[in-house]
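The following exercises concern the reading of a single protein structure. Please examine the sequence and the coordinates before consulting the solutions.

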Amino acid sequence: MASEKELDDFLQSIESRAFKRTVYAVRDEEAALDIVQDAMIRLSQSYADRPPAEWPMLFQRILSNATLDWFRRQKVRNAVMQNFSDLEARSDGDDTADLLETLIPAENIGTESASDSVSRAQILRAIEDELSNLPARQREAFLLRYWEELDVSETAAAMGCSDGSVKTHCSRAVHTLAKALKAKGIEL
């Protein structure tokens, strides 16, 4: 049985990557934080007695399932009701709130030039848009292989499919992304 410190160290080592991956998938930082925390709790409650070498694959599978559960809940909620609270004026009494300010996130201003910043933001937005247009399994395989840097067999285990399926999904995702980005004039 692994020690509590080993589990804590493992969870700390994967926390930021898991959060980024989940934010990208659900496009909501608060929801992503909840999903990652739930996945970590599930791992620690149900699999803490497993050998530490099994944790990465177990966590990836738990995180994928938690993300799918979130999407299912959102689908049901959106079918039943629609939340207009985001469109209302701010509660601090400012009735002049601009709806676009609430919908467009503020960009971090760094030391790069304005044109470089705009160019980089446009390229990242184009890549994110094209990634979001991929079929779910292709996107999941692509993110696990190239974002999480899992090998083919680890990705297959996390996705619950064969190695060949992972290779097919990744190949199709890479070709689709390259073609779409090239059509937009972006060569990486």
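Three exercises with worked solutions follow, on a predicted model.

**Exercise 1.** Determine which elements have the lowest and the highest mean pLDDT, and where pLDDT stays under 50.

*Solution.* Begin with the whole chain: the average pLDDT is 80, and 79% of the residues score at least 70. Next, rank the elements: helix α4 (residues 99-103) has the lowest mean, 42, whereas helix α2 (residues 29-46) has the highest, 94. Finally, locate the weak stretches. Residues 80-91 stay under 50, with six contacts beyond four places in sequence. Residues 96-110 are also below 50, and this stretch has five contacts beyond near neighbours in sequence.

**Exercise 2.** Describe helix α1: where does the helix bend, and which of its residues are buried?

*Solution.* First, follow the axis of α1, which bends by about 45 degrees at Glu-15. Then apply the cut-off for burial, under 20% relative accessible area. The buried residues of α1 include Leu-7, Phe-10, Leu-11, Ile-14 and Ala-18. Arg-21 and Thr-22 are also among them. Last, inspect the residue just after the helix: Arg-27 has a positive phi of about 60 degrees.

**Exercise 3.** Identify the residues that touch the most other members of the largest nonpolar core.

*Solution.* The core holds 23 residues, and those touching the most other members are Phe-10, Leu-11, Leu-43, Trp-55, Phe-59 and Leu-63. Assign the core to elements: α1 (4-26), α2 and α3 (55-80) each supply at least two residues. Take Phe-10 as an example: beyond four places in sequence, Phe-10 touches Leu-43, Trp-55, Pro-56 and Phe-59. A second, separate core has ten residues, among them Met-57, Ala-141, Leu-150 and Cys-170.

Notes:
Residues are numbered from 1 along each chain as its sequence is written. This is a predicted model: local features need pLDDT of at least 70, side-chain atom pairs count only at pLDDT 80 or more; totals for chains, interfaces and linings use all residues. Side-chain values use heavy atoms; hydrogens and water are left out. pLDDT is the predictor's confidence in each residue, from 0 to 100. Helices (H or I, at least four residues) and strands (E, at least two) are DSSP runs, numbered from the N terminus. Contact means heavy atoms within 4.5 Å. A nonpolar core is a set of buried Ala, Val, Leu, Ile, Met, Phe, Trp, Tyr and Cys residues joined through side-chain atoms within 4.5 Å. Buried means under 20% relative accessible area, exposed over 50%, partly exposed in between (1.4 Å probe, protein chains only). The bend at a residue is the angle between axes fitted to the seven residues ending there and the seven starting there.
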